Amino acid sequence: MRIARFVHEGDPTFGVVDPGDNPAEVAVIKGDPFFSGVQLTGERHKLEDVRLLAPIIPRSKVVGIGKNYADHAKEMGGEVPAAPLMFLVPNTAVIGPNDPVVLPAFSDEVSYEAELAVVIGRICKDVPLERVDEVIFGYTCADDITARDAQRTDGQWARAKGFDTSTPLGPWIETDLDVDDLAVQGRLNGTLVQDGRTSDMIWGVRELVSYVSQAFTLLPGDVIMTGTPAGVGTLKEGDRFEVEVEGIGRLTNTVR
Ligand code: MG
């Protein structure tokens with residue numbers, strides 16, 4: 001099932017995007033599916049008539065994982081870390097499909113990073129590997145946009161990874177997905193620049209969720225970004241970047 005968040009008329013609403021290769025409609029959900037499950041109101045809209053929003057504004061945090069693909073660690077000139085490298089992104093950095101990415105004035109080198117993102121479904125802590133599936137609500141696409149120059153100079157990555165508009169999420173959350181071996185692709189102005197597979201991740205989704213939950217209590221709606229494959233590069237004004245994760249869909253944002 002694909003859960004989207006959108007505006008039709010009035011306040012943001014959750015909805016179920018029709019399955020199939022050519023989803024054309026969205027069925028409105030009553031309330032918040034993270035807390036009250038998926039109950040449909042019976043109201044439907046054409047997908048083209050709604051504006052999709054970030055499918056979730058994380059309740060408490062986005063957790064990023066750095067250097068989780070060996071080929072990306074190599075292109076960054078570093079080794080693969082001995083344990084997952086974690087950072088936090090504030091929820092104010094999150095934007096949705098087609099929202100503009102605003103380049104921060106403090107950076108001359110802003111890079112895209114196509115990633116699979118995990119959306120947490122229930123409050124949890126110290127989740128053992130074999131119970132991780134129980135705490136996952138679903139999966140979406142993320143662009144972990146990074147001010148590379150600030151990342152180098154700051155030491156801490158809060159500014160480099162957490163500036164406003166740095167974290168596009170969407171287009172929706174896919175709740176039924178086997179994520180062990182999916183294509184993760186990035187396209188810059190239509191050209192394929194990143195082409196990885198989740199099977200190449202150093203730490204898989206279950207290991208990451210379990211590991212992150214040893215440090216943080218995870219809340220419904222929290223998001224974990226799982227790292228980017230090789231091929232990162234700089235964004236400039238007017239660029240269009242698309243993240244596509246196999247089985248989820250395509251997240252598109254343009255730089256302003
Ligand atoms: Mg990243």
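Biologist: Where should I begin, and what share of the 256 residues in the protein chain do buried residues make up?

Modeller: Buried residues account for 55% of the 256 residues in the protein chain. Keep in mind that this is a predicted model. The secondary structure of the chain comes to six helices and 18 strands. With a radius of gyration of 17 Å, close to the 18 Å from the globule rule for 256 residues, the chain is as compact as a globular protein of that length.

Biologist: What share of the contacts with a separation of 6 or more comes from residues 24 or more positions apart?

Modeller: Such residues account for 71% of those contacts in the protein chain.

Biologist: Now the metal. Which residues coordinate the magnesium ion?

Modeller: The magnesium ion is coordinated by Glu113 (OE), Glu115 (OE) and Asp144 (OD), at 2.0 Å. Glu115 in strand β10 and Asp144 in the loop between β11 (136–143) and β12 (146–147) are 29 residues apart, and this pair links distant parts of the chain. Along the chain, the donors follow the spacing E-x1-E-x28-D.

Biologist: Are Glu115 and Asp144 buried or exposed?

Modeller: Buried means under 20% relative accessible area. Glu115 has 1%, so Glu115 is buried, and Asp144 is buried too, with 0%.

Biologist: Which side chain of opposite charge is nearest to Glu115?

Modeller: That is Lys161, 5.4 Å away, and Glu115 has no salt bridge. A salt bridge needs a side-chain nitrogen of Lys or Arg within 4 Å of a carboxyl oxygen of Asp or Glu. Glu115 does have a polar side-chain atom 2.9 Å from the backbone nitrogen of Gly227. Beyond its neighbours within four places in sequence, Glu115 is in contact with several residues, including Thr140, Val184 and Met225.

Biologist: How many salt bridges are there in the whole structure?

Modeller: Side chains of opposite charge can pair when their charged atoms come close. A search of the whole structure finds 20 salt bridges. One of them joins Glu174 and Arg2, with the closest N and O atoms 3.2 Å apart. Glu174 in strand β13 and Arg2 in strand β1 are 172 residues apart. Glu174 is buried at 8% relative accessibility, and Arg2 is buried at 16%.

Biologist: Where do Arg152 and Glu109 lie?

Modeller: The side chains of Arg152 and Glu109 meet in a salt bridge at 2.5 Å, N to O. Arg152 lies in helix α4 and Glu109 in the loop between β8 (94–95) and β9 (110–111), so the pair ties together parts 43 residues apart in sequence. Arg152 is exposed at 56% relative accessible area, while Glu109 is partly exposed at 25%.

Terms used
Residues numbered from 1 in each chain as written. Predicted model: local features only at pLDDT ≥ 70, side-chain atom pairs only at ≥ 80, totals over all residues. Heavy atoms only, no water. Buried < 20%, exposed > 50% of the residue type's maximum accessible area, 1.4 Å probe, protein only. Lys, Arg positive; Asp, Glu negative; His and termini not counted. Polar contact = N/O pair within 3.5 Å; in protein donor to acceptor, adjacent residues only side chain to side chain. Contact = heavy atoms within 4.5 Å. Donors = N, O, S within 2.8 Å, 3.2 Å for Na, K, Ca; no water. Helix = DSSP H or I, 4+ residues; strand = E, 2+ residues; numbered from the N terminus. Rg over C-alpha atoms; globule rule 2.2 N^0.38 Å.
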